[in-house]
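User: I have the sequence and the model open side by side. Please pick one end of the chain, take a close look at it, and then walk me outward from there into the fold.

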Amino acid sequence: MTVEETFHRCITSELYDAILSNPISKDGIIKLKIRPIMLQKQLLFQIEERTQKQAFHKNLSASDACIYLTKQMNDHFHQAQIRTTTEQVTILVSKKGKVTIKSKKQADELPSLS
């Protein structure tokens with residue numbers, strides 16, 4: 001399974017949250033947080049981009065979020081932690097570019113987002 005396939009499988013209404021961390025470069029974005037939100041009865045995904053001193057937010061549809069996160073993961077980050085209501089997925093990228101994807105069932109109930 002590829003990084004893109006993993007994001008497409010996880011970025012759904014089942015998503016609890018996701019974090020991309022361990023940036024390749026300490027300049028620019030150092031962490032991304034993703035969470036589902038309902039805006040005007042439409043499911044969107046809020047992406048929070050953290051820099052050294054600021055946080056920027058953008059709301060994207062599921063398909064746009066998958067494309068954006070795949071690009072960020074391939075170009076800027078070494079690690080992703082994705083939590084859905086049923087599983088926990090970890091994506092690791094080595095310095096040489098080897099991708100490792102691990103998945104396990106969610107052990108306990110997650111707190112409510114509302």
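Analyst: Happy to! Met-1 counts as exposed because its relative accessibility is 60%, above the 50% that the term requires. Please keep in mind that this is a predicted model.

Met-1 belongs to the segment that comes before helix α1, which covers residues 3-10. Setting aside neighbours within four places in sequence, Met-1 has contacts with Thr-6, Arg-9 and Ile-101. For a sense of distance, take Ser-25: 24 residues separate it from Met-1 in sequence, and their C-alpha atoms lie 26 Å apart in space.

From Met-1, the next stop is α1 and its helical partner. α1 packs with α2 at an angle of about 145°, the two axes being 9 Å apart, and the crossing is right-handed. On the α1 side, Val-3, Glu-4, Phe-7 and His-8 take part, meeting Cys-66, Leu-69, Thr-70, Met-73 and Asn-74 of α2. Sorted by class, this contact holds 5 nonpolar, 3 polar and 1 charged residues.

The partner helix, α2, spans residues 62-75, 14 residues in total, and its first and last C-alpha atoms are 20 Å apart, close to the 20 Å expected at 1.5 Å a residue. Its buried residues are Ala-65, Cys-66, Tyr-68, Leu-69, Thr-70, Gln-72 and Met-73. Cys-66, Leu-69, Thr-70 and Met-73 are thus listed as buried and also as meeting α1.

Now for the sheet. It is an open one, made of 7 strands in the order β4-β3-β2-β1-β5-β6-β7 with antiparallel pairing. Its edges are β4 (55-60) and β7 (99-105), each of which pairs on one side only. On average, neighbouring strands are turned by 15° against each other, ignoring direction. α1 packs on this sheet, where it touches β1, β5, β6 (87-93) and β7, and its direction makes about 155° with that of β6. α2 packs on the sheet as well, touching β1, β2 (31-39), β3 (42-50), β4, β5 and β6, with a direction at about 145° to that of β5.

Within the sheet, β1 deserves a pause. Of its 9 residues, 7 are buried, so the rest of the structure largely encloses β1. Strand β1 (residues 15-23) runs antiparallel to β5, and 7 bridges join the two. Two pairs show how they line up: Ser-21 has Gln-79 of β5 as its bridge partner, while Asp-17 stands opposite Arg-83 in β5. On the β2 side, 3 bridges join β1 to its antiparallel neighbour, and there Leu-20 is bridged to Leu-32.

To finish, compare the exposed Met-1 with a residue inside β5. His-78 sits in that strand, which covers residues 77-84. Its relative accessibility is 17%, under the 20% cut-off, so His-78 counts as buried. Beyond four places in sequence, the residues that His-78 touches include Ser-21, Asn-22 and Pro-23, along with Ile-24. Met-73 is another of its contacts, and this residue belongs to the buried set in α2. The list for His-78 also contains Ile-91, Leu-92, Val-93, Ser-94 and Lys-95.

Technical notes. Residues are numbered from 1 along each chain as its sequence is written. This is a predicted model: local features need pLDDT of at least 70, side-chain atom pairs count only at pLDDT 80 or more; totals for chains, interfaces and linings use all residues. Side-chain values use heavy atoms; hydrogens and water are left out. Helices (H or I, at least four residues) and strands (E, at least two) are DSSP runs, numbered from the N terminus. The expected span of a helix is 1.5 Å times one less than its number of residues. Buried means under 20% relative accessible area, exposed over 50%, partly exposed in between (1.4 Å probe, protein chains only). Contact means heavy atoms within 4.5 Å. Axes are lines fitted to C-alpha atoms, for helices over the stretch in contact, and angles run from 0 to 180 degrees between N-to-C directions. A crossing is left-handed if the near helix is turned anticlockwise from the far one by less than a right angle, and right-handed if clockwise. Ala, Val, Leu, Ile, Met, Phe, Trp, Tyr, Cys and Pro count as nonpolar, Asp, Glu, Lys and Arg as charged, and the others, Gly among them, as polar. Two strands pair if DSSP finds at least two bridges between them.
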